[in-house]
Structure formats: structure tokens, C-alpha cells
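Let's walk through this model together, one question at a time. Have the sequence and the 3D view open as you read.

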Amino acid sequence: MENTVRLTLSEEILLLLTQCIGKKLHALKYMSLGMERSAYGNIGLLFDGLSLELSNTLIVTDVDGKDDYARLKISTMTSDTPTVSLEDCDFLQETIEDDVMDIQIISDVVTWEGEAANWRLEIDVAIEVDMKSTAIVLQKDVWFSEEIRILEGTDYQSRLLPINTGWEFEPESNATYSRSIRSLSIR
């Protein structure tokens with residue numbers, strides 16, 4: 001028997017993201033972790049006439065004895081500031097001012113043989129915003145982390161976390177990993 005767990009964006013959210021194609025992305029707004037270019041938990045994406053909040057929040061999901069998985073979620077923001085995850089934090093606002101040409105979802109699938117069952121985990125791990133002059137990728141850190149990494153440039157794929165980062169399987173688990181990228185502009 002195979003147990004499948006999907007930690008993926010809903011069809012409704014994918015349609016919301018599709019509405020951002022052709023708009024100008026004005027800025028990213030987030031709480032910096034003070035290292036590299038990353039945010040803790042939430043990032044605001046400020047588009048023409050639409051502000052979205054990307055969050056990477058821990059949820060309780062029983063998958064082979066591990067129960068804390070971070071899941072990407074997107075919602076509309078009623079102000080231009082994301083939800084505060086930490087007390088006494090300052091938000092950074094990075095000006096972008098570029099036209100969105102496409103949005104792509106980067107997803108991983110991990111399968112393994114557990115003690116009592118076989119498992120398949122489908123998880124959206126990053127959102128790529130392709131623009132006229134650059135690309136910005138917002139990638140969740142390892143499966144249990146609320147950190148969101150911010151990568152910029154067309155060479156981002158070499159800087160994505162490897163698909164097997166953070167997973168610790170015994171050799172006999174026969175774990176397999178695959179990654180896919182799907183464009184929202186060709187829906």
C-alpha cells in the first residue's frame with residue numbers, strides 16, 4: 001500500500017498566481033534572517049493592484065513518523081506588510097520594478113519504503129517569477145524549516161537546494177527523488 005501526501009498549491013492559488021503574469025512586480029517585503037538572502041516565514045510580493053503573501057508554515061502531517069512539514073501557501077494581503085512571524089522585527093523592502101513574463105512552480109516528489117507502508121510525498125518547493133530582465137526564485141528550505149531562500153538571476157537552478165537535502169533515509173528505504181517545473185503561462 002502506498003500513502004500519498006500532497007503539500008502543493010491549490011488550483012485556486014495557481015489561478016491567482018496566473019493573474020500576476022503581465023503585471024509589474026514592484027517589490028518584495030520580508031523579515032530578513034540576517035544571513036544570505038532569506039526570509040523567516042513570510043514574503044510579501046507587491047504587484048500592480050495586487051499584493052500577495054507567500055508563507056512557509058509548519059503544519060502537522062503524519063508522514064512515516066515525522067509530523068512537522070513546512071508548506072508553501074499564498075494569500076492576498078490587505079496591507080502592504082506581510083503577517084509578522086517574530087516580535088520586534090524589521091521588514092526589508094527590495095525594489096524590483098520589472099514586468100512578470102511567467103510564473104513557474106518547482107515541485108519535488110520523494111518516495112520511500114517506510115516500516116509499515118510505502119510513502120509518496122508531493123511538495124511544492126519554490127515559486128519562480130520570470131521577468132523581462134531577471135528571475136526571482138522563492139524556495140522553501142528543507143522540509144521542516146520555515147525559512148524561504150531568495151535567489152535571483154537566470155542561473156538560479158545551480159543554486160537551488162539539491163532535491164535530497166535534509167532527508168535522512170536508511171539505505172534499505174529505496175528512496176527516490178524527482179523534480180519538475182511547470183509554467184503557469186501555458187495553462
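Q: How far apart are the closest N and O atoms in the salt bridge between Arg37 and Glu94?
A: A salt bridge here is a side-chain nitrogen of Lys or Arg within 4 Å of a carboxyl oxygen of Asp or Glu. The pair links distant parts of the chain, with Arg37 in the loop between E2 and strand E3 (38–47) and Glu94 in strand E6, 57 residues apart. Strands (E, at least two residues) are DSSP runs, numbered from the N terminus. For Arg37 and Glu94, the closest N and O atoms are apart by 2.3 Å.

Before going on, a word on the ground rules: this is a predicted model, where local features need pLDDT of at least 70, side-chain atom pairs count only at pLDDT 80 or more, and totals for chains, interfaces and linings use all residues. Residues are numbered from 1 along each chain as its sequence is written, and side-chain values use heavy atoms, with hydrogens and water left out.

Q: Is Arg37 buried, partly exposed or exposed?
A: Buried means under 20% relative accessible area, exposed means over 50%, and partly exposed is in between (1.4 Å probe, protein chains only). Arg37 comes out at 24% relative accessibility, so the label is partly exposed.

Q: Which residue forms a salt bridge with Lys24?
A: Start from Lys24 in strand E2 (residues 24–32); the partner sits in strand E6, 75 residues apart from Lys24. The closest N and O atoms of the pair are 3.5 Å apart, and the partner is Asp99.

Q: Which lysine in the loop between E7 and E8 pairs with Asp99?
A: Asp99 is partly exposed, at 22% relative accessibility. Its side chain also meets a lysine side chain in a salt bridge at 3.5 Å, N to O. That lysine is in the loop between E7 and E8 while Asp99 is in strand E6, so the pair ties together parts that are 33 residues apart in sequence. The loop residue is exposed, with a relative accessible area of 59%: Lys132.

Q: How many salt bridges does the structure hold?
A: Besides the pairs above, there is a network of salt bridges that links Arg6, Arg120 and Glu122. For the structure, the count is 8.

Q: How many of the 14 residues of strand E7 are buried?
A: Look at what pairs with E7 (two strands pair if DSSP finds at least two bridges between them). Strand E1 (residues 2–7) runs parallel to E7 over 6 bridges, strand E6 (residues 91–113) runs antiparallel to E7 with 13 bridges, and strand E8 (residues 135–140) is antiparallel to E7 over 5 bridges. E7 (residues 118–131) is largely enclosed by the rest of the structure, because the number buried is 12.

Q: How many residues lie between E7 and E8 in their hairpin?
A: E6 and E7 form a hairpin with 4 residues between them. Across the E7 and E8 pairing, Ile127 stands opposite Leu138. In the E7 and E8 hairpin, the number of residues in between is 3.

Q: With which side chain does the side chain of Gln104 make a polar contact?
A: Gln104 lies in strand E6 and stands opposite Glu128 in E7. At 16% relative accessibility, Gln104 counts as buried. Leaving out residues up to four places away in sequence, Gln104 touches (heavy atoms within 4.5 Å) residues including Ala126, Ile181 and Ser183. A polar contact is a pair of N or O atoms within 3.5 Å, where within protein one must be able to donate a hydrogen and the other to accept it, and residues adjacent in sequence count only if both atoms are side-chain atoms; at 2.7 Å, the partner of the Gln104 side chain is Asp130.

Q: The backbone oxygen of which residue lies 3.4 Å from a polar atom of the Asn56 side chain?
A: Asn56 is found in strand E4 (residues 50–63). Asn56 is buried, with a relative accessible area of 0%. Its contacts beyond four places in sequence include Gly41, Leu72 and Ile148, and the backbone oxygen in question belongs to Glu146.
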